[in-house]
Amino acid sequence: MKQTILHDTHVLLGAKMVDFAGFMMPLVYTSITEEHLAVREQAGLFDVSHMGEIRLVGPDANDLVDLLFTNNTRAMTAGQVLYGMFCTPTGGVVDDLLVYKFNDQNFLLVVNAANIEKDLAWINQHNTFDADVIDESDHTSECALQGPLAQTILQKATPYDLDNLKFFTFEEMDIYGHACLVSRTGYTGEDGFEIYGTHEAIKAIFQTLLEENAPLKPCGLGCRDTLRFEVALPLYGHELSETITPIEAGLGFAVSFAKSAFIGREALLKQKEAKPHRRVVGLELLEKGILREGYDVYADTARVGHVTTGYLSPSTGLSVAMALIDKPHDKKDTLLEVAIRKKRVKVKVRNKKFYEKHYNK
Amino acid sequence: MNIPKDLYYTETHEWVRIEDGFAYIGITDYAQDSLGEIVFIELPEENDQVTQFSEFAAIESVKAASDLNAPLSGVVVTVNEELEDNPELLNEDPYENWIIKIEIEDKLELNKLLNAEEYAEVCE
């Protein structure tokens, strides 16, 4: 089992540690609801050092990333971040990731911890270009500072003027004197920053940020999931997988058909034009209970899909879920049933954005 | 971890207290701590039959759903309905807030339960 550089810090802070993608990670420090609301109302700090960082460098680095990535990296300017996927020829998702463009010959890919090895194999398998693939995961740590107070808090730690750091861009800057890469990105639906650095830098930054900012709470993976869920951000293995395409997941915005070629393009274009047979939608429970991942969804006696993620939403109090539902049962306000243990409960199809995002764009 | 001496326990972290010939059933401190914030409980109804070591209710934390197993067999006499609106009471005091009260069917079933010492070992 791997540990992040902050492992002992989490234990000292009273975190409940769990195995996540081969890493011992903090699930929760005090309460998932408290940490969730701290991010919505003030600010929260996450250790996300389990995430993978893969560097593509060389004269043809852009050709390599372009072949694999669904979104258009040619249209990116240096210092921009772009969200998208690696897909298989049939449109299934190998991984979803962020691409950081330094220049045409230098890209940083930030990938899911569980998929690092798979992604590396996938990239290397298709690397017929003059480009090097470097796994920087083992010597990179990452923390995420998220919430409406994130900028105020981070500004006290850096000489860089954060007003100049726009949504989905990045900059190299000093944080408490440590050289870091900082992007205005996140996975919570709130304004915030993701900070990458050496292990020592991130350890010092994480601890100092908490010491110097009383309203800032350490936040675990428990609320990271409830936060991303409420604003309908997908989690690989749930709303996206090798059998769930970005079109089905409603993430067509991250697939650029303006690009002439990338792996999966034909299959995804065909699916988009023909309309997918199923779609990730929101469900609202009309009685008591909580919808959980894997529960089957029914229209009368026919199974028409399954729940991909479900919670009693901490921000809204609603019992809601994202679910992959066959057409035509995916239309708004359709009444369906979900099997919870031995009984059936009534649900209504709705928009999957349960809570409004508050980005600083 | 709080493990009162006067209760019987299951390996699946339920407790039972015998009082006036009835059995009061709840979840242990270890259970509530492992689950985290309890946000919903699905209770049985009065007169339902419960069976030793079989599921009789479901409890949901923010993160996940778990089944609760009955430490003893019997018919449900009273359900602690206060928990439906305030499931967090189980976090606040899991021993004070019993979940169901049942009529004991077979006292010999108590022999299959753990005492506080034995249960403490399960929690290690």
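**Note on a predicted two-chain model: a hairpin, an interface and its salt bridges**

1. In the hairpin formed by β6(A) and β7(A), where five residues lie between the strands, A:Gly91 adopts a positive phi near 95°. The reader should keep in mind from the outset that the structure is a predicted model. The two strands of this hairpin, of which β6 of chain A covers residues 81–87, pair in the antiparallel sense over seven bridges. Within that pairing, A:Met85 has A:Asp96 of β7(A) as its bridge partner.

2. Strand β7 of chain A also pairs on to the strand that follows in this description, β8 of chain A (residues 106–111), with six bridges between them and an antiparallel course. The link from β7(A) to β8(A) is a hairpin of two residues, and A:Lys101 stands opposite A:Phe107 of β8(A). How many residues of β7(A) are buried? Of the 11 residues in this strand, which spans 93–103, 10 are buried, and the strand is accordingly described as mostly covered.

3. Turning to the interface, the contact draws 19 residues from chain A and 18 residues from chain B. The area buried between the two chains is about 1,400 Å², and carbon and sulfur atoms give 47% of that figure. On the side of chain B, the residues that lose the most area to chain A are B:Glu37, B:Val62 and B:Lys63, which together make up 40% of what that side buries.

4. The polar side of this interface can be counted in two ways: there are seven salt bridges between chain B and chain A, and there are 13 residue pairs in polar contact, with both residues at pLDDT 80 or more. Several elements of chain B take part, since α1 (29–35), β4 (38–42), β6 (55–61), β7 (65–69) and α2 (82–85) each supply at least two residues of the side that touches chain A. The largest share, four residues, comes from β6(B). By residue type, the side of chain B that touches chain A divides into nine charged, six nonpolar and three polar residues.

5. One of the salt bridges across the interface joins B:Glu60 and A:Arg292, whose side chains meet at 2.7 Å, N to O. This pair crosses between chains, from strand β6 of chain B to the loop that lies between β15 (278–285) and β16 (296–299) of chain A. Are the two partners buried or exposed? B:Glu60 counts as buried at 0% relative accessibility, and A:Arg292 likewise counts as buried, at 7%.

6. A second inter-chain pair is B:Glu55 with A:Lys342, which form a salt bridge at 2.9 Å, N to O. Because B:Glu55 lies in strand β6 of chain B and A:Lys342 in the loop between β19 (335–340) and β20 (343–350) of chain A, the pair joins two chains. Here the surroundings are more open to view in the computed values: B:Glu55 is partly exposed at 33% relative accessibility, while A:Lys342 is exposed, with a relative accessible area of 77%.

7. Some of these charged residues are linked further, as A:Arg292, A:Arg341, A:Lys343, B:Glu42 and B:Glu60 belong to a network of salt bridges. Within it, A:Arg341 forms a salt bridge with B:Glu42, and the closest N and O atoms of that pair are 2.8 Å apart.

8. Over all chains, a search of the whole structure finds 28 salt bridges, and one that lies within chain A is that between A:Arg228 and A:Glu239, at 2.9 Å, N to O. A:Arg228 is in helix α7 (residues 221–230) and A:Glu239 in the loop between α7 and α8 (265–274), so the pair ties together parts that are 11 residues apart in sequence. Both partners are buried, A:Arg228 with a relative accessible area of 0% and A:Glu239 with 1%.

9. A:Glu239 deserves a separate look. Its side chain has a polar atom 3.0 Å from the backbone nitrogen of A:Leu235, and a polar contact of 2.8 Å joins the side chains of A:Glu239 and A:Thr308. With neighbours within four places in sequence left aside, the residues in contact with A:Glu239 include A:Arg228, A:Leu233, A:Ile244, A:Val280, A:Thr309 and A:Met322.

Definitions and conventions. Residues numbered from 1 in each chain as written. Chains lettered and ligands numbered in written order. Predicted model: local features only at pLDDT ≥ 70, side-chain atom pairs only at ≥ 80, totals over all residues. Heavy atoms only, no water. Contact = heavy atoms within 4.5 Å. Buried area = accessible area lost by both parts, 1.4 Å probe. Salt bridge = Lys/Arg side-chain N within 4 Å of Asp/Glu carboxyl O. Polar contact = N/O pair within 3.5 Å; in protein donor to acceptor, adjacent residues only side chain to side chain. Nonpolar A, V, L, I, M, F, W, Y, C, P; charged D, E, K, R; others polar. Buried < 20%, exposed > 50% of the residue type's maximum accessible area, 1.4 Å probe, protein only. Pairing = 2+ DSSP bridges.
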